[in-house]
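Work through the exercises below with the structure open beside you. Try each task before reading its solution.

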Amino acid sequence: MSDILHIVGGGMAGSEAAWQAAQAGVRVVIHEMRPQVGTFAHKTGNLAEMVCSNSFRSDDSEQNAVGLLHWEMRAAGGLIMASADAHRLPAGGALAVDRDPFAETVTARLMAHPLISVSYEEVTALPDDGHWIIATGPLTSPGLGAAIQAETGAEALAFFDAIAPIVHFESIDMDTAWLQSRYDKGETEEERTAYINCPMDKAQYNAFIDALLAADKTEFHEGETAGYFDGCLPIEVMAERGRETLRHGPMKPVGLTDAHRPTDKPYAVVQLRRDNALGTLYNIVGFQTKMKYGAQTAVFKMIPGLENAAFARLGGIHRNTFLNSPTLLDSQMRLKSRPHIRFAGQVTGVEGYVESAAMGLLAGRMAAAEILGRPIEAPPFTTAMGALVNHITGGAEAKTFQPMNVNFGLFPPLEDARGGRRGRKERYKGYTDRAKEDWQAWLAAST
Ligand SMILES: Cc1cc2nc3c(=O)[nH]c(=O)nc-3n(C[C@H](O)[C@H](O)[C@H](O)COP(=O)(O)OP(=O)(O)OC[C@H]3O[C@@H](n4cnc5c(N)ncnc54)[C@H](O)[C@@H]3O)c2cc1C
């Protein structure tokens, strides 16, 4: 019998990792702290509990990146998807799940697997040897969080996210916006033009502030704010502190000249910074927010240049323990400083049930392959799995790293010359066709 794989955390990622490794023939122990030690969000002792909404989002595998991730997980025999499909609720094109039977099914199937056992205990130290996957999620217990931080350094493990909205570059109107770093700073042309700038006159700025103040906001969950600090205030809170606060903060217009109207001095400027190596995604600098998603779309489209913005993800601030994965993890999701430990799930800086389960699936397969003496490569980043793992372990900007949902902005552009001129529908179909073929080839080569 091969070595044992220990998995800390039996949530979305840990459950899927355990299933994949056991199906490959590896003995697995899941260490789960609930029900002995709880979190403010979990309510049961079940594995794979859905802590909030009951949606796995879009199930469209041709036109939607999360639907594609569903498809890839199903093709890999994923337990989370099989259990979600078994307890599907009517929800149009989305995959909504009957949460309690779903979690009960995942728990029962894991417990019934001859190679899997569950040890109900909190793990509070990083193991010195063996094969481990840490999948303790956004609410990693404080004891283990401290142990991880002692290993990675304080800067590399965050306890709250502060997510600014991310926009697809192709949807920004560059006849209104322009490229320039403040005061043209930088050694190279690339650095001097690192930001996209969107100008506002006084009337536009005032209308924007009014919309921010009036927008619907979400509240923190009870117990969620413990440890929250003032360093990453939502923009609407800054606006509440005074109409001019944003103009002296993230929207300050100094050191910038409107390339299209050089003699007009903008009253305020919204800046966007490149978010991935591909240059397909830009985040709106300093625009973390707790506005509801519908309100965000409406308010951010008031920014000149972003009228037709397509958002790869919207902003948010949550209690969320996550690593600076681009600096800490290798492409196999191993901690570079302790390669016998992998991380998986939301703690790696992906966001959402599906993405977390997906990273569990990959970590489980990679760990099992290593234990069985036939290591596998990470999947190509033309697949949804590969695009996501490539983003968190290298493609994302480490300095500004924040949790990410899967989206087509993470995929390499289509190779054929017509790619750029295709309509969106045809392009997305091109991405998903390519991904399915490449995912099947990777599965065949790695099993
Ligand atoms: C309040 C809140 C609301 C959310 N709402 C949504 C939503 O609506 N939709 C969505 O897609 N995502 C949502 N998320 C994100 C969601 O948590 C993740 O998408 C998903 O659950 C992450 O999967 P995971 O396996 O990484 O972590 P989890 O599913 O949280 O699993 C981690 C497991 O590790 C256990 N654990 C923690 N520390 C230890 C330890 N030291 N020792 C042993 N076990 C430990 C926990 O008990 C838990 O079972 C929400 C998160 C929070 C905090």
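Two residues are in contact if their C-beta atoms, placed from the backbone, lie within 7 Å. Keep that cut-off at hand. The model is predicted.

**Exercise 1. Find what covers the buried residues of helix 13.**

Step 1. Locate helix 13, residues 424-446. Check its length. At 1.5 Å a residue, its 23 residues should span 33 Å. The end C-alpha atoms of helix 13 lie 32 Å apart, which agrees.

Step 2. Mark the buried residues of helix 13: Arg 427, Tyr 431, Thr 432, Ala 435, Trp 439 and Trp 442.

Step 3. Look at the spacing. An α-helix has 3.6 residues a turn, so residues three or four places apart point the same way.

Step 4. Apply the contact cut-off. The cover over these buried residues includes helix 2 (65-75) and helix 12 (384-395).

**Exercise 2. Describe the largest nonpolar core.**

Step 1. Take its members: the largest nonpolar core has 86 residues. Ala 17, Ala 18, Ala 21, Ile 133, Ala 358 and Leu 388 touch the most other members.

Step 2. Ask which helix gives the most to this core. Helix 11 (residues 353-371) does, with 12 residues.

Step 3. Zoom in on Ala 18. Set aside its neighbours within four places in sequence; Ala 18 is then in contact with Ile 7, Val 28, Ile 30, Leu 110, Ile 116 and Gly 364.

Step 4. Look for a separate core. Another one, of 41 residues, lies apart from it and has Ala 162, Met 238, Ile 284 and Ala 309 among its members.

**Exercise 3. Map the shell around the ligand.**

Step 1. Find the shell: 35 residues surround the ligand. The closest are Gly 9, Gly 11, Cys 52, Gly 137 and Gly 345.

Step 2. Trace the suppliers. Helix 1 (12-23), strand 2 (28-32) and helix 11 each give at least two residues to the shell. Helix 1 gives the most, with 3 residues.

Step 3. Sort the shell by type. It divides into 14 nonpolar, 17 polar and 4 charged residues.

**Exercise 4. Divide the chain into domains and examine their contact.**

Step 1. Draw the bounds. Domain 1 takes 5-161 + 319-446, and domain 2 takes 166-313.

Step 2. Compare centres. Taken over C-alpha atoms, those of domain 1 and domain 2 are separated by 30 Å.

Step 3. Count the two sides. Domain 1 brings 16 residues to the contact, and domain 2 brings 19 residues.

Step 4. Inspect the side of domain 1 that touches domain 2. Strand 8 (157-160) and helix 12 each supply at least two of its residues. This side divides into 8 nonpolar, 6 polar and 2 charged residues.

Technical notes: Residues are numbered from 1 along each chain as its sequence is written. This is a predicted model: local features need pLDDT of at least 70, side-chain atom pairs count only at pLDDT 80 or more; totals for chains, interfaces and linings use all residues. A nonpolar core is a set of buried Ala, Val, Leu, Ile, Met, Phe, Trp, Tyr and Cys residues joined through C-beta atoms within 7 Å. A residue is buried if 20 or more other C-beta atoms lie within 10 Å of its own, exposed if 12 or fewer, and partly exposed in between; C-beta atoms are placed from the backbone. Helices (H or I, at least four residues) and strands (E, at least two) are DSSP runs, numbered from the N terminus. A residue is near a molecule or strand if its C-beta atom, placed from the backbone, lies within 6 Å of it. Ala, Val, Leu, Ile, Met, Phe, Trp, Tyr, Cys and Pro count as nonpolar, Asp, Glu, Lys and Arg as charged, and the others, Gly among them, as polar. The expected span of a helix is 1.5 Å times one less than its number of residues. Domain bounds come from an automatic or database domain assignment.
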